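Biologist: Hi! Could you walk me through this one?

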Amino acid sequence: MSHTIAPILGEATIQELRESVRGQVITPGDASYGEACQIWNGAYQDRRPAVVVQCAGAADVIAAVGFARSHGLPIAVRGGGHSVAGFSTCDDGIMIDLSPMRGVDVDPVSRRAVVGGGAVWADVDHETQVHGLATTGGLVSSTGVAGFTLGGGIGWTMRKFGLACDNLVAADVVTADGQIVHASESENADLLWGLRGGGGNFGIVTRFEFGLHPLGPVIYAGAVFYPAEDAFDLLRAFRAWSAGAPDEVTALVNLTSAPPLPVIPEEWHGRKVVALVAASSGPVDEGPALFGGITDVAEPIADVLGPMPYKFLQTLLDPLWPSGIHAYFKATNLARLDDQLVDRLCKAHQTAPGPQCEIHVHQMGGAVARVGAGASAFPERSMPFVLNAVTGWHDPAARSAHTDWARAVIGAASEASTGRAYVNFLGDAGAAQSSYSEDAYTRLVALKDKYDPTNVFRLNQNIEPSMAGS
Ligand SMILES: Cc1cc2nc3c(=O)[nH]c(=O)nc-3n(C[C@H](O)[C@H](O)[C@H](O)COP(=O)(O)OP(=O)(O)OC[C@H]3O[C@@H](n4cnc5c(N)ncnc54)[C@H](O)[C@@H]3O)c2cc1C
C-alpha cells in the first residue's frame with residue numbers, strides 16, 4: 001500500500017489548514033495516518049485521502065469544507081465510519097472526520113439528547129440509560145449516529161418509538177457554502193425533512209437533537225436458535241406472528257451460521273442455523289407471552305430470550321462484526337413474505353459462501369408505518385418486511401463470492417419486492433434514485449439544489465442536483 005501525498009497539497013498549504021483548526025490535521029507523512037484513514041469496512045482499507053481533518057467542533061468542520069472547496073478536493077465525511085459502501089473515506093481527497101465530536105448531553109426533563117456529529121450509538125445509550133431513557137439506535141453499538149440517522153435508522157425499538165430519523169427533532173448543519181444552518185420543525189423545516197432519510201447529501205451535521213423515551217434498564221430481549229432445516233417453518237410462523245404483533249416488539253429472523261458463543265452448544269458452532277432475534281420495549285413480565293406461537297415452532301438449539309439490560313442487548317452483536325472485516329450488504333423492501341420467497345431464502349442460505357453470510361428479514365410496521373408517506377424523506381413506510389443480505393469475510397480474494405451471493409439473494413426476492421430499498425443497507429453506490437419514490441426524489445433534488453447545488457457532498461447515496469455542471 002503506497003502512501004502518496006497528493007501533489008496539490010504542499011507543506012505550506014497543509015500548515016495553513018493546521019492553523020485554521022483546533023483538531024488534528026493528518027497527512028500521509030504522519031505516523032497516525034494509516035489508522036486515521038480506516039473505516040469499519042476493511043474492503044476499503046486501501047483508500048488514501050490526501051489529508052484527514054479530525055474536527056474538534058463545528059468551526060473545524062467549516063474550515064475543512066472551505067479548505068476542500070478552495071483546493072478542489074473531494075470530501076468524504078466520517079461520522080461513525082460504518083458506511084458499508086465505503087463513503088466515509090476516499091482517494092486523494094479530504095476526510096472530514098467528526099469522530100472527536102462524540103459528546104452526548106441529556107435533559108431528562110424535556111426528554112431530549114443533544115448528540116455530537118461523530119458519536120456512536122454506544123455513546124448515546126451510555127448517557128441516556130442513566131436516566132432510564134432511550135431512542136432508536138443500531139443493532140451494533142459502534143455504528144455512527146450520523147449516517148445511521150440520516151439514512152433512516154432501523155433498530156430494536158423502532159416499532160414503538162419510530163426510526164432514528166423519526167426521533168430527530170433538530171440538527172445543526174454545515175452547508176456547502178460554510179454556513180451553519182439550524183433545522184427544526186419551525187426553522188428550515190424543509191432541511192429537517194431531508195435529513196430524515198435523505199442521507200448526508202445536504203451538509204455535515206455537527207449536532208443532532210433527539211427525542212427520548214422511557215426504557216429499561218432491563219427489557220425482555222435476546223435470540224432463539226434453531227437448526228437450518230426449521231427455517232421454512234420459522235419464517236412462515238414469523239410472517240403470521242408479525243401481522244398481529246404489538247408495537248412493543250421488534251424482531252428479525254436471521255438465516256446464518258452459528259457463531260462460536262458459549263450459549264450455543266459447541267457441536268453447532270459454524271453450522272447453518274436460523275435465529276429469531278427480538279426485543280420488547282414493554283413490561284418485562286409480559287415478554288414471554290408476546291413470543292408465544294413463534295418460539296415453539298421447533299425445538300431450539302439455544303434459547304437466550306429473556307430479561308436483559310437494554311445496554312447489553314445493544315452490544316450483543318458487536319463481537320460478530322468487528323472493525324476491519326470486509327463487508328458487503330444488499331437489501332430490498334418486501335411487499336410480502338410469500339411461501340415462494342421463504343423457500344428461495346432457505347435454499348440461498350444453503351449456498352452461502354462463508355460463515356458470515358446472513359439473510360436478515362426485519363419486521364417493520366408499528367410506529368414506522370404510522371408516519372405519513374411524504375412526511376419525511378425516508379422513502380417507504382408500508383412494507384411489512386425489509387430483506388438484507390449481509391456478508392463479511394477476511395480474505396480479499398473472497399470478495400466476489402460474497403457480493404455475488406448477496407446479489408443473488410436479493411435477486412431471488414425481486415417478485416416480492418416493492419422495488420425500493422433502504423439506502424443504509426446498500427453496499428453499492430449510485431442507488432439513490434431507485435431507492436426513493438418519485439415524489440420523494442423530486443423533493444430531494446429540489447433540496448439539493450437549494451443547499452448543495454454543485455454537489456460538494458457527493459460521497460453518499462448521491463442525490464444529484466439538477467444544476468450540477470451547468
Ligand atoms: C456492523 C453494522 C451494523 C449496522 N446495523 C444497522 C442497523 O442495525 N440498522 C440500520 O439502520 N443500519 C445499520 N447499519 C447501516 C448503517 O446505518 C450505515 O452504514 C450508516 O451509514 C452508518 O453511519 P456512520 O455514521 O457510522 O457511517 P459513516 O461511514 O461515517 O457515514 C455514512 C454516510 O453518512 C455520511 N455522514 C457521516 N457523518 C455525517 C455527518 N455528521 N453529517 C452528514 N453526513 C455524514 C457519510 O459521508 C456517508 O455518506 C449497520 C452497518 C454496519 C457496518
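Modeller: Sure, one term up front: a helix crossing is left-handed if the near helix is turned anticlockwise from the far one by less than a right angle, and right-handed if clockwise. This is a predicted model, where local features need pLDDT of at least 70, side-chain atom pairs count only at pLDDT 80 or more, and totals for chains, interfaces and linings use all residues. Residues are numbered from 1 along each chain as its sequence is written, and side-chain values use heavy atoms, leaving out hydrogens and water.

Biologist: Okay, so how does α11 pass α13?

Modeller: In a right-handed crossing. Helices (H or I, at least four residues) and strands (E, at least two) are DSSP runs, numbered from the N terminus.

Biologist: Cool. Switching to the ligand, how many residues surround it?

Modeller: There are 34, with Gly 79, Ser 83, Ser 88, Ile 154 and Tyr 422 the closest. To belong, a residue needs a heavy atom within 4 Å of the ligand.

Biologist: Which helix or strand gives the most to that shell?

Modeller: That's α5, with four residues. β3 (75–78), α5 (145–151) and β10 (204–211) each supply at least two.

Biologist: And what about backbone contacts?

Modeller: A polar backbone atom of Ile 154 sits 2.7 Å from a ligand nitrogen, while one of Leu 459 is 3.0 Å from a ligand oxygen. For Phe 148, a backbone N or O atom lies 3.2 Å from an oxygen of the ligand. A polar contact here is a pair of N or O atoms within 3.5 Å.

Key. Polar contact = N/O pair within 3.5 Å; in protein donor to acceptor, adjacent residues only side chain to side chain.
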